[in-house]
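Thanks, everyone. I'll take a few minutes to walk through one fold, starting with its sheet. Please have a look at the model first.

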Amino acid sequence: RQLFRSPSLPHTVIRPVLKRLQQPPDRETPVKTKRQRSLDGSPSEEPVGDGEMVWSVGCVSHPTRLRLVRSKSFCHEEIENLLANDHRELIGDFSKAYLLQTVEGKHQDLKYISPSMMAAVLTGQFSSLIGSCVIVDCRYPYEYEGGHIKGAVNLPLERDVEEFLLKKPIVPFDASKRVIVIFHCEFSSERGPRMCRFVREKDRACNDYPQLHYPELYVLKGGYREFFPQYQSHCEPQDYRPMHHEDFKEDLRRFRLKSR
């Protein structure tokens with residue numbers, strides 16, 4: 001019984017087949033037709049419709065019909081959900097893994113790097129793999145002017161970052177190298193993460209999924225506030241001006257209105 005039992009068929013279907021097989025052969029009964037042999041315990045195919053097949057299994061007097069339906073193809077949304085739930089560390093276009101080591105941050109949907117990893121990028125430790133690294137300082141201009149990471153561009157408003165990154169996307173001279181973008185603000189708590197999401201959203205809108213101009217986005221954990229005390233030599237001027245500085249209350253009010 002175990003020899004002939006198939007895990008794909010229910011026990012009620014197998015029993016008639018086994019009973020038939022256990023009966024002694026009747027030598028006086030000739031084999032009728034190929035069709036009868038197919039009903040005598042062997043499955044036979046009957047095309048029914050597009051994507052369906054009926055299999056008849058059992059003895060001649062009591063055939064059992066099983067309807068097998070072809071599995072449907074995944075739609076675009078289902079594929080996107082599967083990829084989103086994949087725990088492998090793949091960049092936005094799913095072409096390769098993230099280059100920089102990431103750390104836990106405030107927002108689970110974003111990739112954070114530590115100040116030490118940022119310093120490693122600035123000192124050229126990944127120059128053989130990175131064709132272009134854009135550091136986007138999302139703080140207000142008076143903060144940026146009071147001290148910023150060397151080479152960072154000040155893009156405090158959405159229209160600024162859209163003009164700089166998406167109007168004419170950055171393409172590396174060497175196609176084998178990557179373009180990475182690192183966002184930060186004072187603490188990388190609100191402005192930096194919000195701008196990172198904005199770039200990804202706009203990038204998705206102007207490309208066929210899953211292609212992206214900038215598939216590899218990062219946020220500097222702790223922002224400039226955490227980076228400056230550890231790596232002052234990578235900042236210019238070597239100073240730190242907080243957003244809520246007493247001398248720039250009017251500037252803060254004006255730029256907050258623009259941000260809205």
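Let's begin with the sheet. Five strands make an open sheet, ordered β4-β9-β8-β5-β7, and the pairing is parallel. At the edges sit β4 and β7, each of which pairs on one side only. When I say that strands pair, I mean that DSSP finds at least two bridges between them. Strands (E, at least two residues) and helices (H or I, at least four) are DSSP runs, numbered from the N terminus.

A word on the source. This is a predicted model: local features need pLDDT of at least 70, side-chain atom pairs count only at pLDDT 80 or more, and totals for chains, interfaces and linings use all residues. Residues are numbered from 1 along each chain as its sequence is written, and side-chain values use heavy atoms, with hydrogens and water left out.

Now the overall numbers. The protein has 9 helices and 10 strands. Of its 260 residues, 37% are buried. Buried means under 20% relative accessible area, exposed means over 50%, and partly exposed is in between, with a 1.4 Å probe and protein chains only. Contact means heavy atoms within 4.5 Å. Take the contacts with a separation of 6 or more: residues 24 or more positions apart account for 58% of them.

Back to the sheet, and to β5. It spans residues 130–137, and 6 of its 8 residues are buried. Which strands does β5 pair with? One is β8, residues 178–184, joined to β5 by 7 bridges and running parallel. There, Ile135 has Ile182 as its bridge partner. Another is β7, residues 153–154, paired with β5 in the parallel sense over 2 bridges. Here Asp137 stands opposite Asn154. β8 also pairs with β9, again in the parallel sense, over 4 bridges. In that pairing, Val181 stands opposite Leu217 of β9.

Next, helix α4, residues 115–122. Is it enclosed or open? It is largely enclosed by the rest of the structure, because 6 of its 8 residues are buried. Those residues are Pro115, Met117, Met118, Ala119, Ala120 and Val121. What do they pack against? Their partners are β4, β5, β6 (148–149), β8, β9 (216–220) and α8 (223–230). Just after the helix, Gly124 takes a positive phi of about 80 degrees.

On to a helix pair. Two packed helices are described by the angle between their axes and the distance between the axes. For α6 (residues 158–166) and α7 (residues 191–205), the axes come within 11 Å and cross at roughly 50 degrees. The axes are lines fitted to C-alpha atoms over the stretch in contact, with angles from 0 to 180 degrees between N-to-C directions. So α6 is oblique to α7. On that scale, under 35 degrees is roughly parallel, over 145 roughly antiparallel, 65 to 115 roughly perpendicular, and the rest oblique. The crossing is right-handed, meaning that the near helix is turned clockwise from the far one by less than a right angle; anticlockwise would be left-handed. Who makes the contact? From α6 come Glu158, Val161, Glu162, Leu165 and Leu166; from α7 come Met195, Phe198, Val199, Lys202 and Asp203. They divide into 6 nonpolar, no polar and 4 charged. Nonpolar covers Ala, Val, Leu, Ile, Met, Phe, Trp, Tyr, Cys and Pro; charged covers Asp, Glu, Lys and Arg; the others, Gly among them, are polar.

Now some backbone points. Most residues other than glycine have a negative phi, and most peptide bonds are trans. Phe94 is not a glycine, yet its phi is positive, about 65 degrees. It lies in the loop between α3 and β4, and is partly exposed at 25% relative accessible area. Ser188 also has a positive phi, about 55 degrees. This one is in the loop between β8 and α7, and counts as buried at 3% relative accessibility.

Where are the cis bonds? One joins Tyr209 and Pro210, with omega about 5 degrees. Pro210 lies in the loop between α7 and β9. Another runs from Glu236 to Pro237, with omega near -15 degrees. Pro237 is in the loop between β10 (235–236) and α9 (249–259).

Last stop, Val103. It sits in the loop between α3 (76–84) and β4 (112–113). It is partly exposed, at 33%. Leaving aside neighbours within four places in sequence, Val103 contacts Tyr112, Ile113, Ser114 and Lys221.
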